[in-house]
Amino acid sequence: MKSPDKFYLRTENQEGRCTVYLSGELDLETASQMRAAMSTLVELSDRELVLNLRDLRYMDSTGIGILVSVVRARHAKNAPFLVEAIPPNIRKLFDMTGISPFLSGSAPSSY
């Protein structure tokens, strides 16, 4: 069983869409796991790539850096990328760092 404090990632592939569900904490300690998963997924330019953050409790600057790298890679491939179900504390971080406008699906989530 996964620890509630650790980072967990799972992917769900549907026709035309790959959704990555993140939970726990994305920080320096767990960044390598996120980078490894995203390195192959950003190449899937034939489908929309979606990050679902509903169960992500914490993200530090390392996580922001990974997200910016994904945004850039997807943009270079002219491939769709969006972030959905953003918890309020992480939305605040995105707003403070100025990356919110680059996350296509970053409209407020209903909780």
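Pro88 is exposed, with a relative accessible area of 60%. In this predicted model, Pro88 belongs to helix α3. Its C-alpha atom lies 9.7 Å from that of Arg57, a residue 31 positions away along the chain. Leu82 offers a contrast in accessibility. Leu82 sits in strand β4 and counts as buried, because its relative accessibility is 16% and the cut-off for buried is under 20%. Leu82 and Leu51 are also 31 residues apart in sequence, and their C-alpha atoms are 6.4 Å apart.

These residues can be placed in the overall fold. The chain contains three helices and four strands, and along the sequence they follow the pattern β-β-α-β-α-β-α. Of the 111 residues in the chain, 43% are buried. Among contacts with a separation of 6 or more, 64% are between residues 24 or more positions apart.

The strands come next. The four strands make an open sheet with the order β1-β2-β3-β4, and the pairing in this sheet is mixed. Strands β1 (8-14) and β4 are the edge strands, each pairing on one side only. From one strand to the next, the twist averages 20 degrees. In general, strands of a sheet pair through backbone hydrogen bonds, either parallel or antiparallel.

The antiparallel pairing is that of β1 with β2, over seven bridges. Within this pair, Tyr8 stands opposite Ser23 in β2, and Glu12 stands opposite Thr19 in β2. The two strands form a hairpin with two residues between them. Gly16 is in the turn of this hairpin and has a positive phi of about 80 degrees.

How do β2 and β3 run relative to each other, parallel or antiparallel? Strand β2 (residues 17-26) and strand β3 (residues 48-59) run parallel and are joined by nine bridges. One of the pairs is Glu25 with its bridge partner Tyr58 in β3. Between these strands the chain passes through helix α1 (residues 31-41), and the resulting β-α-β crossover is right-handed.

The pairing of β3 with strand β4 (residues 81-84) is likewise in the parallel sense, over four bridges. Here Leu49 has Phe81 in β4 as its bridge partner, while Val50 stands opposite Leu82 in β4, the buried residue described above. To get from β3 to β4 the chain goes through helix α2 (residues 61-76), in a β-α-β crossover that is right-handed.

The helices of the two crossovers can now be set against each other. Two packed helices are described by the angle between their axes and the distance between the axes. For α1 and α2, the axes come within 10 Å and cross at roughly 5 degrees. Angles under 35 degrees count as roughly parallel, and α1 and α2 are therefore roughly parallel to each other. On the α1 side, the contact is made by Ala31, Met34, Arg35, Met38 and Leu41, which meet Thr62, Ile66, Val70 and Arg74 in α2. By class, this contact has six nonpolar, one polar and two charged residues.

What remains is how helices lie on the sheet. Which strands does α1 touch? Helix α1 packs on the sheet and touches β1, β2 and β3. The direction of α1 makes about 175 degrees with that of β2; angles over 145 degrees count as roughly antiparallel, so this pair falls in that class. Helix α3 (residues 88-97) lies across β3 and β4 and runs at about 110 degrees to β3. The range for roughly perpendicular is 65 to 115 degrees, so α3 is roughly perpendicular to β3.

This brings the account back to its starting point. Pro88, the exposed residue, is in α3, the helix that lies across β3 and β4. Leu82, the buried one, is in β4, an edge strand of the sheet.

How values were computed: Residues numbered from 1 in each chain as written. Predicted model: local features only at pLDDT ≥ 70, side-chain atom pairs only at ≥ 80, totals over all residues. Heavy atoms only, no water. Pairing = 2+ DSSP bridges. Right-handed = clockwise from strand over helix to strand, strands pointing away. Axes fitted to C-alpha atoms, helices over the stretch in contact; angles between N-to-C directions. Contact = heavy atoms within 4.5 Å. Nonpolar A, V, L, I, M, F, W, Y, C, P; charged D, E, K, R; others polar. Buried < 20%, exposed > 50% of the residue type's maximum accessible area, 1.4 Å probe, protein only.
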